[in-house]
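Visitor: I should be grateful for a close look at one part of this structure. Please begin with the chain as a whole, so that I can follow where that part belongs.

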Amino acid sequence: MALISFTEHPASVDETYGEHFVTATGFGLTMLGAGLACLLHGIFPFLFGRTGSNAITALHRRMVTHRVGGKAPLPGADLSLDGAMER
């Protein structure tokens, strides 16, 4: 049963456990960084004015908008819309 829980969800998004680990870890680290920036922005309003919303936009693109065949791009993938318009 435990083994299934380690492979069932990654398979549902067409990833291996390792691919899912890298992708999910990248998302988590991005969210932690953006969360810290938001906390600091609350204290110092002149800092990190767009960091949180930029992170949310980038994560949404990686997870939803640019998912092809169930695969989310890996961290650092080119997410520009220039290439998408040519297809």
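**From the whole chain to a surface patch**

Guide: The protein chain has four helices and zero strands, and its pattern along the sequence reads α-α-α-α. Please bear in mind that this is a predicted model. The chain has 87 residues, and 20% of them are buried. Its accessible surface comes to about 6400 Å², and carbon and sulfur atoms account for 69% of that area. Among the contacts between residues at least 6 apart in sequence, 44% join residues at least 24 apart.

The part I propose to examine is a nonpolar patch on the surface. The patch is formed by L36, L39, L40, I43, F44, F46, L47 and F48, which together have about 800 Å² of accessible area. One member, L39, is found in helix α2. L39 counts as exposed because its relative accessibility is 59%, and the limit for that class is over 50%.

Another member of the patch, F48, is placed in the loop between α2 and α3, the helix of residues 51-65. F48 has a relative accessible area of 39%; this value lies between 20% and 50%, so F48 is classed as partly exposed. The backbone of F48 also deserves attention, for its phi is near 55°, a positive value in a residue other than glycine. Most residues other than glycine have a negative phi, which is why a positive value is worth noting.

A second such case is found in another loop. D14 has a phi near 60°, again positive in a residue that is not glycine. D14 lies in the loop between α1, residues 2-12, and α2, residues 17-43. With a relative accessible area of 43%, D14 is partly exposed as well, because partly exposed covers the range between 20% and 50%.

Let us now turn to H20, which has its place in helix α2. The side chain of H20 makes a polar contact with the side chain of H9, at 3.2 Å. If neighbours within four places in sequence are left aside, H20 is in contact with H9, P10, V13 and E15. H9 therefore appears both as the polar partner of H20 and among its contacts under the limit of heavy atoms within 4.5 Å.

Finally, the aromatic rings may be considered. The structure holds three aromatic pairs, and ring pairs link F6, Y17 and F21 into a cluster.

To return to the part chosen for this close look, the patch includes L39, an exposed residue of helix α2, and F48, a partly exposed residue with a positive phi in the loop between α2 and α3.

Methods: Residues are numbered from 1 along each chain as its sequence is written. This is a predicted model: local features need pLDDT of at least 70, side-chain atom pairs count only at pLDDT 80 or more; totals for chains, interfaces and linings use all residues. Side-chain values use heavy atoms; hydrogens and water are left out. Helices (H or I, at least four residues) and strands (E, at least two) are DSSP runs, numbered from the N terminus. Buried means under 20% relative accessible area, exposed over 50%, partly exposed in between (1.4 Å probe, protein chains only). Rings of Phe, Tyr and Trp (its six-membered ring) pair if their centres lie within 6.5 Å; planes under 30 degrees apart count as stacked, over 60 as edge-to-face and the rest as tilted. A polar contact is a pair of N or O atoms within 3.5 Å; within protein, one must be able to donate a hydrogen and the other to accept it, and residues adjacent in sequence count only if both atoms are side-chain atoms. Patches are made of residues with over 30% relative accessible area and no salt bridge: like charges are joined within 9 Å, nonpolar side chains (Val, Leu, Ile, Met, Phe, Trp, Tyr) within 5 Å. Accessible areas come from the Shrake-Rupley method with a 1.4 Å probe; for residues, only the protein chains shown count as cover. A salt bridge is a side-chain nitrogen of Lys or Arg within 4 Å of a carboxyl oxygen of Asp or Glu.
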